[in-house]
Amino acid sequence: MKAVLAVIDLQNVFADPASPWRTPRFAEVVPPIARLVTAFGNDVVFTRFVAPAQPEGAWKRYYAQWPFALQPPDAPLYQVIDAFHPPSTVDATTFGKWTPRMATRVGGAGLVLAGVSTDCCVLSTALAAADAGVSVTVVSDACAGVDDESHAKALDIMRLYGPLVQVATTEEVLAK
């Protein structure tokens with residue numbers, strides 16, 4: 001089955017050691033993601049988490065806790081890290097990136113997920129795509145969580161959604 005690789009939120013805000021949203025093992029997932037990006041060629045989508053212009057609902061409390069993040073989408077913190085130069089991105093003001101634009105891009109293909117963080121945006125994207133009937137593979141060693149325990153727990157939770165969601169390593173994905 002054809003698959004599209006979605007690289008979830010590989011942005012400066014999660015890479016920068018000074019950021020309150022830093023993902024500790026971010027740098028460790030960049031090499032396997034680079035291998036996947038090369039292997040998937042044109043079938044790659046990069047996503048970005050961006051702040052809304054005006055938070056609504058529970059997001060008001062969220063941004064009251066994280067006011068530094070209320071910046072426009074073109075702010076440096078929301079840019080994809082310099083190691084990658086995607087021609088475009090699928091942006092969302094939500095944790096999950098299974099948006100109508102992403103669904104159109106994936107079409108009837110499977111979805112392979114890599115990026116950050118396993119226990120937030122990757123998890124939210126995987127479950128929404130699976131609910132939509134998409135075959136999802138989460139690349140365990142190409143994702144990083146807020147800490148090792150949360151990463152492992154999120155992978156365990158996603159395994160519960162099999163066979164809709166599968167968890168595999170970079171080597172297993174590249175061998176297919």
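**Close-up 1. The loop residue Q11 and its surroundings in the predicted model.** Q11 is located in the loop that runs between strand β1 and helix α1, the latter comprising residues 12-15. Because its relative accessibility is 0%, Q11 is classed as buried. When its neighbours within four places in sequence are left aside, the contacts of Q11 include T47, R48 and F49, and also F26. The remaining contacts of Q11 are with L77, Y78, Q79, V80 and I81.

**Close-up 2. The open sheet and the order of its strands.** Six strands, arranged in the order β3-β2-β1-β4-β5-β6, make up an open sheet with parallel pairing. Its edges are formed by β3 (89-92) and β6 (165-168), each of which pairs on one side only. On average, and with direction ignored, neighbouring strands of this sheet are turned by 25° against each other.

**Close-up 3. Strand β2 and its pairing with β1 and β3.** Strand β2, which covers residues 44-49, runs parallel to β3 and is joined to β3 by 4 bridges, while 3 bridges join β2 to β1, again with the two strands running parallel. F46 of β2 is the bridge partner of V7, and F46 also has T89 in β3 as a bridge partner. Further along the pairing with β3, F49 stands opposite A92. The strand is mostly covered, with 6 of its 6 residues buried. The side chains of V44, F46 and R48 point one way from β2, whereas V45, T47 and F49 point the other way, and the residues of both sets are buried.

**Close-up 4. Helix α2 packed on the sheet.** Helix α2, formed by residues 26-40, packs on the sheet and touches β1 (3-8), β2, β4 (110-116) and β5 (136-144). The direction of α2 makes an angle of about 140° with that of β5. The buried residues of this helix are F26, V29, V30, P32, I33, L36, V37 and F40. Among the elements that cover these buried residues are the strands β1, β2, β4 and β5 together with the helices α1 and α7, of which α7 comprises residues 170-175.

**Close-up 5. The length and kink of helix α2, and the residue that follows it.** For the 15 residues of α2, a rise of 1.5 Å a residue gives an expected span of 21 Å, and because the C-alpha atoms at its ends are 21 Å apart, the expected and modelled values agree. The helix nevertheless contains a kink of about 25°, centred on P32, a residue that is itself among the buried residues of α2. Just after the helix, G41 adopts a positive phi of about 55°.

**Close-up 6. Cysteines C120, C121 and C143.** A search of the whole structure finds 0 disulfides. For C120, the closest cysteine sulfur is that of C121, and because the two sulfur atoms are 4.0 Å apart, they are too far from each other for a bond, the cut-off for a disulfide being 2.5 Å. C120 counts as partly exposed because its relative accessibility is 22%. C143 likewise takes part in no disulfide, and the cysteine sulfur nearest to C143, again that of C121, is 11 Å away. With a relative accessibility of 5%, C143 counts as buried.

Methods
Residues numbered from 1 in each chain as written. Predicted model: local features only at pLDDT ≥ 70, side-chain atom pairs only at ≥ 80, totals over all residues. Heavy atoms only, no water. Pairing = 2+ DSSP bridges. Axes fitted to C-alpha atoms, helices over the stretch in contact; angles between N-to-C directions. Contact = heavy atoms within 4.5 Å. Buried < 20%, exposed > 50% of the residue type's maximum accessible area, 1.4 Å probe, protein only. Expected span 1.5 Å × (residues − 1). Bend = angle between axes of the 7 residues up to and from the residue.
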